[in-house]
Amino acid sequence: MPAYDNAAVANALDDFGDLLEIAGEDRYRFLSYHKAAHALRAWDEDITSTALAGRLTEIPGIGAKIAAAIEALLRSGEFTGMAELTARVPASVVELIRIPGMGPKKAKTLFDELAIASIDDLEEAIAEGRLTGLAGFGPKTVENIAAGIERYRAFSGRILLADALPLAEKLAGELRALPGVVDAAYAGSIRRMKETVGDVDVLVATEDASGVMTAVRELPIVTGIIGSGDTKTSVMTTSGRQADVRVVEPACWGAALQYFTGSAEHNVHLRRIAKSRGLKVSEYGVFRADTGERLACATEADVYAALGMALMPPEVREDTGEIALALEGRVPDLVTQPDIRGDLHSHTVATDGRSTLEQNRARAAELGYEYLGCSDHAYELRMVGGLSQSEIEAQWERIDELNALDDGGPVLLKSIELNIDDEGGVDYPDEFLARFDYCIASLHHGFNQSREQATRRVLLAMENPYVDIIGHLTGRLLGKRDPFDLDIEAIIEKAAETGTALELNAHPERLDLNDVHLRMARKAGVRIAIDTDAHEAMQFGHMRWGIATARRGWIASSQVLNAQPLDTLRSWLKRERA
Ligand code: DGT
Ligand code: CA
Ligand code: CA
Ligand code: ZN
């Protein structure tokens with residue numbers, strides 16, 4: 001039975017649902033696959049265990065039919081009926097939907113009318129002008145699709161950290177269980193928690209290299225072999241991702257882990273320093289250049305100590321100043337998950353969220369949060385149910401009731417996610433804004449605006465005394481949407497001057513501010529709110545990706561709004577200090 005992780009099954013369900021839609025199957029049928037994919041992403045237990053126990057239908061949103069389909073996938077690697085379906089619509093058609101701006105409807109039209117069955121086909125058709133006159137594909141749309149293809153190609157091959165890390169953990173776990181294996185761990189950009197990763201790098205410590213390489217080729221998670229040698233095997237996995245597995249000497253585990261964690265830039269800088277001290281450093285250890293004597297290799301700490309440096313967290317190994325600090329025996333002070341006392345950005349069913357205020361509160365209580373910011377969308381975002389003043393007052397009444405409960409739950413804070421308009425204004429009059437505990441303001445439209453125009457909107461919004469936090473500043477969606485073109489330096493300067501905090505949005509596709517912006521904000525002393533922007537209660541778990549990115553940006557808990565007790569948090573708000 002090939003081993004799938006939950007994310008891989010969820011992706012397969014989504015792809016199959018899309019394929020059914022493109023094939024013209026009825027709506028109820030293809031939606032049931034998407035619904036199941038969504039449910040599975042919220043399911044904590046390993047899907048294979050659930051299936052083996054015959055409990056798939058216990059997953060909310062998964063009925064008997066889909067359970068049978070998942071079982072077939074886990075058993076055979078294919079959904080029942082896959083062959084008949086792909087005889088009608090090639091599986092490659094699904095890749096069209098990965099292009100930003102393309103949905104199943106458009107893909108269906110392209111396939112039905114022009115037999116376009118892949119991104120290559122589509123690119124060719126655009127170049128030859130064959131989309132001209134096709135209903136729903138005006139010149140502007142075609143232009144957007146062409147740009148989308150370019151963006152997709154630039155990103156493709158890279159994987160979101162949130163998709164790669166579960167695979168890496170699973171692979172390392174399977175390797176650790178093999179006979180003769182002393183240790184196994186993931187390295188590379190995953191260990192550095194980079195927001196996207198090129199591939200999955202896993203190290204195995206063993207004395208039996210050939211035995212382990214053979215075993216790797218036969219792991220349940222492996223679907224194909226890309227290359228296999230004495231100490232390195234590259235494989236395709238059930239999630240469609242490549243992984244490199246390297247065998248290393250157990251006695252020199254630390255040197256290998258250090259080397260293959262990288263980054264390459266960090267390692268290059270280390271080698272330069274080693275050279276200046278008459279030393280050599282490689283994946284086998286630190287050596288004296290003259291005699292070749294090995295000075296260290298057992299642990300990472302030994303390797304760095306032999307180079308005269310403190311051991312630094314993987315997240316900062318990007319050659320952005322961490323080496324100079326480590327040479328002084330210091331490491332940056334970095335925020336950790338337990339420092340987090342609450343979440344300041346969440347949505348409910350009152351707008352486009354899928355959980356109620358009560359469900360969000362219950363989840364926040366489980367996480368041990370002291371407070372939870374309820375920040376639904378404001379009026380101007382009416383297409384997702386943006387709230388009127390009276391709707392907000394109704395929500396406040398409920399918040400007051402919940403806050404009056406003496407059940408140890410978190411304090412609910414009255415907040416809102418305002419929209420920054422073209423003149424830097426926001427949704428409600430000042431008198432009304434003053435009644436929130438705090439306000440977040442975000443850019444939600446105008447992605448094509450010039451740098452001057454978009455920057456000006458943010459700068460003006462920050463001058464509003466009731467705008468306490470700017471949400472997901474650049475608006476990027478990794479692999480899907482480019483960021484706003486903004487003068488980040490000017491914005492950070494203004495944030496410092498006005499005391500406006502900037503959000504680090506923890507959604508795995510956003511992670512915005514990014515590490516580079518965060519280091520700038522750190523220097524300027526701008527406060528950071530690490531927010532999940534949860535659209536359902538389970539997404540509070542995204543905090544993990546926010547913390548990882550904050551650490552990559554050298555952010556300490558002392559600079560994080562939601563790492564403070566509620567009193568301190570309140571005293572930091574712009575409105576309180578005004
Ligand atoms: P990725 O996969 O593109 O997200 O980034 P990495 O950092 O995982 O890069 P990858 O997979 O090519 O290599 C893994 C690690 O191995 C890398 O972080 C550092 C080390 N490494 C690989 N190639 C070189 C190299 O040519 N020079 C040095 N110094 N280190 C290297
Ligand atoms: Ca890698
Ligand atoms: Ca690699
Ligand atoms: Zn939001």
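Reader: Which residue bridges the calcium ion (ligand 3) and the calcium ion (ligand 2), and how far apart do the two ions lie?

Author: In this predicted model, Asp 199 is the bridging residue, and the two calcium ions, ligand 3 and ligand 2, lie 3.7 Å apart.

Reader: Which protein atoms are donors to the calcium ion (ligand 3)?

Author: For calcium, a donor is an N, O or S atom within 3.2 Å of the metal, and sites may look incomplete because water is not among the atoms. Here the calcium ion (ligand 3) has two OD entries from Asp 199, together with an OD from Asp 201 and an OD from Asp 244, at 2.2 to 2.9 Å. The spacing of these donor residues along the sequence reads D-x1-D-x42-D.

Reader: Why does the pair Asp 201 and Asp 244 tie together parts that are apart in sequence?

Author: Asp 201 belongs to strand β4 (residues 200–206) and Asp 244 to strand β7 (residues 242–248), so the pair joins parts that are 43 residues apart in sequence.

Reader: Are Asp 201 and Asp 244 buried or exposed?

Author: Both Asp 201 and Asp 244 are buried, a term that stands for under 20% relative accessible area.

Reader: How should the surroundings of ligand 1 be read, and which residues come nearest?

Author: One begins with the shell of residues and then turns to individual contacts. Of the 16 residues around ligand 1, the nearest are Arg 158, Ser 189, Arg 192, Gly 198 and Arg 271. By class, this shell holds four nonpolar, seven polar and five charged residues.

Reader: Which polar atoms of Arg 158, Gly 198 and Asp 201 lie by an oxygen atom of ligand 1?

Author: Arg 158 places a polar side-chain atom 2.9 Å from an oxygen atom of ligand 1. For Gly 198 a polar backbone atom is involved, at 2.8 Å from an oxygen atom of the ligand. Asp 201, also a donor to the calcium ion (ligand 3), has a polar side-chain atom 3.0 Å from an oxygen atom of ligand 1. The protein buries 68% of the 590 Å² that ligand 1 exposes when taken alone. Elements giving two or more residues to the shell are α10 (188–191), α12 (253–261) and α13 (264–276).

Reader: What are the protein donors of the zinc ion (ligand 4), and what is the geometry of the site?

Author: Ideal angles for four tetrahedral donors are 109.5 degrees. The zinc ion (ligand 4) has His 345 (NE2), His 347 (NE2), Glu 417 (OE) and Asp 533 (OD) as protein donors, at 2.1 to 2.2 Å. The angles among the four donor atoms run from 81 to 173°, and the site is irregular. In sequence, the donor residues follow H-x1-H-x69-E-x115-D. His 345 and His 347 are both buried.

How values were computed. Residues are numbered from 1 along each chain as its sequence is written. Chains are lettered from A and ligands numbered from 1 in the order in which they are written. This is a predicted model: local features need pLDDT of at least 70, side-chain atom pairs count only at pLDDT 80 or more; totals for chains, interfaces and linings use all residues. Side-chain values use heavy atoms; hydrogens and water are left out. Donors are N, O and S atoms within 2.8 Å of the metal (3.2 Å for Na, K and Ca); water is not among the atoms, so sites may look incomplete. Four donors count as tetrahedral if all angles lie between 85 and 135 degrees; four count as square planar and six as octahedral if opposite donors are over 155 degrees apart and all others between 65 and 115; anything else is irregular. Buried means under 20% relative accessible area, exposed over 50%, partly exposed in between (1.4 Å probe, protein chains only). A residue is near a molecule or strand if one of its heavy atoms lies within 4 Å of it. A polar contact is a pair of N or O atoms within 3.5 Å; within protein, one must be able to donate a hydrogen and the other to accept it, and residues adjacent in sequence count only if both atoms are side-chain atoms. Accessible areas come from the Shrake-Rupley method with a 1.4 Å probe; for residues, only the protein chains shown count as cover. Helices (H or I, at least four residues) and strands (E, at least two) are DSSP runs, numbered from the N terminus. Ala, Val, Leu, Ile, Met, Phe, Trp, Tyr, Cys and Pro count as nonpolar, Asp, Glu, Lys and Arg as charged, and the others, Gly among them, as polar.
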